[in-house]
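Colleague: Before I rely on the labels attached to this structure, I would like to hear the reasoning behind them. Could you take me through them one by one?

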Amino acid sequence: MDKYGCLSEKLANEIKSYDATYFTYDEPVPFCGLQIYPITMRYYNDFMLSNQCLLLNKNETIEGLKQTHLDFLIGKLNDQEEGQLWNLRLSKLFELIFHLKDGVRCTKCGGTMTYAEFLAKNRELALKEDEEEKLVACPNCGSTQFEAMIRYAADSETKKYKLVVAGHSIDAAAFERLRQIVMYQNLPDYYDDSKIDPDLKADYAERIRIKSQKSGKATTEKKIVCVAAKTSYKMDELYNMPIRKFLMLLTAVDDVIQYEATRVGMMTGMVSMKEPPEHWIYKKETDVMGDAYRSLDDFKNEMSQV
């Protein structure tokens with residue numbers, strides 16, 4: 001199965017076209033009047049925490065099967081126990097991908113203020129001695145009508161929920177596109193597994209866990225340091241590199257080291273192979289779920305010999 005296997009043909013073709021025209025060159029993707037910007041390594045950890053808003057799988061619950069992914073997310077935003085956490089995640093995600101600060105927006109001119117700025121102006125007005133009703137005014141046009149920069153509301157015609165970001169509407173269909181665009185834009189090895197059998201996914205997750213135990217783990221910081229050690233990039237350059245390019249660079253560095261070591265081993269007679277090693281530039285894409293079709297017992301037995 002390739003990494004677009006679970007997407008509809010239409011959405012898969014859209015993502016592939018963005019890959020060729022936007023993702024490859026780290027350009028923002030036009031979307032519903034907004035721009036979806038690639039995220040840099042400086043915010044990698046923030047992205048990996050906040051992207052849970054996009055990875056929620058409604059199909060894993062009975063209630064979710066009847067909902068859209070947007071409705072399912074809004075349900076999380078209203079959850080009594082974890083709603084605040086999901087709202088923080090969504091706010092951070094939209095700050096990263098749309099390059100905006102969560103706060104309020106003037107409905108007349110579109111001017112914006114962060115919540116901190118808005119509250120500060122409220123406090124200033126409260127300290128004034130006159131008794132007239134005090135409302136914060138937009139510094140650009142003087143209007144006192146504001147709305148949240150990021151909010152959700154029911155469409156007046158369809159009565160279905162939509163997200164409203166900086167005055168631009170994102171309905172359920174657009175949110176389905178947003179989920180995939182952002183993930184494929186930033187993570188080169190990402191694939192949508194929402195339609196894969198849960199037991200198969202659990203089996204695959206166990207394989208990943210076993211592999212990570214064998215190979216060890218590296219923090220984001222260590223990965224950045226390792227790439228800096230093996231390339232001419234400086235730390236600040238790596239911090240500001242798009243996540244997508246950094247992960248591809250990290251993989252390329254690892255591939256070229258292994259390739260060159262194998263070639264040297266073959267030339268000195270220390271390594272013997274029936275076929276020459278696959279060239280690190282032209283490596284074929286692997287089946288993302290290929291291992292999962294073997295029995296887990298066979299896989300464990302293979303890993304125990306490593």
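Modeller: Let me begin with a definition: a patch is made of residues with over 30% relative accessible area and no salt bridge, and nonpolar side chains such as Val and Met are joined within 5 Å. Please keep in mind throughout that this is a predicted model.

Colleague: Which residues form a nonpolar patch on the surface?

Modeller: Met 270, Val 271 and Met 273 form that patch, and together they have about 300 Å² of accessible area. Met 273, which is placed in the loop between helix 11 and helix 12, has a relative accessibility of 38%, to be set against the required value of over 30%.

Colleague: Why does Met 273 count as partly exposed?

Modeller: Exposed would require over 50% and buried under 20%; Met 273 stands at 38% and therefore counts as partly exposed.

Colleague: What makes Asn 51 buried?

Modeller: The cut-off for buried is under 20% relative accessible area, and Asn 51 has 2%, so the label buried applies to Asn 51. This residue lies in the loop between helix 2 and helix 3, and, with neighbours within four places in sequence left aside, Asn 51 is in contact with Leu 93 and Met 183.

Colleague: Why is Leu 55 called partly exposed?

Modeller: Leu 55, a residue of helix 3, has a relative accessibility of 35%, and because partly exposed covers the range between 20% and 50%, that is the label it receives. With neighbours within four places again left aside, Leu 55 is in contact with Met 183 and Tyr 190. As for Gln 180, its C-alpha is 9.2 Å from that of Leu 55, although the two residues are 125 apart in sequence.

Colleague: Which residues of helix 9 are buried, and how do you know that they line one face of the helix?

Modeller: The buried residues of helix 9, which runs over residues 220–230, are Thr 220, Ile 224, Val 227 and Ala 228. Seen down the axis of helix 9, these buried residues fall within an arc of 100 degrees, and so they line one face of the helix. The face turned away from that buried side carries the exposed residues Ala 229 and Lys 230, while the cover over the buried residues includes helix 2, helix 10 and helix 11.

Colleague: What makes strand 6 and strand 7 a pair?

Modeller: Pairing requires at least two bridges between two strands, and strand 6 and strand 7 have 5 bridges, in the antiparallel sense. Ala 154 stands opposite Tyr 161 in strand 7. The two strands form a hairpin with 6 residues between them, and Lys 159 in the turn has a positive phi of about 65 degrees.

Colleague: How do you know that strand 3 pairs with strand 4, and with strand 5?

Modeller: Set against the requirement of at least two bridges, strand 3 and strand 4 have 3 bridges in the antiparallel sense, and strand 3 and strand 5 likewise pair in the antiparallel sense over 3 bridges. Arg 105 stands opposite Thr 112 in strand 4, and in strand 5 the bridge partner of Arg 105 is Glu 147. Strand 3 and strand 4 form a hairpin with 5 residues between them, where Gly 110 in the turn has a positive phi of about 85 degrees.

Key. Residues numbered from 1 in each chain as written. Predicted model: local features only at pLDDT ≥ 70, side-chain atom pairs only at ≥ 80, totals over all residues. Heavy atoms only, no water. Buried < 20%, exposed > 50% of the residue type's maximum accessible area, 1.4 Å probe, protein only. Helix = DSSP H or I, 4+ residues; strand = E, 2+ residues; numbered from the N terminus. Arc of directions from axis to C-beta. Contact = heavy atoms within 4.5 Å. Patch = residues over 30% accessible without salt bridge, like charges linked within 9 Å, V, L, I, M, F, W, Y side chains within 5 Å. Areas by Shrake-Rupley, 256 points an atom, 1.4 Å probe, with all protein chains shown as cover. Salt bridge = Lys/Arg side-chain N within 4 Å of Asp/Glu carboxyl O.
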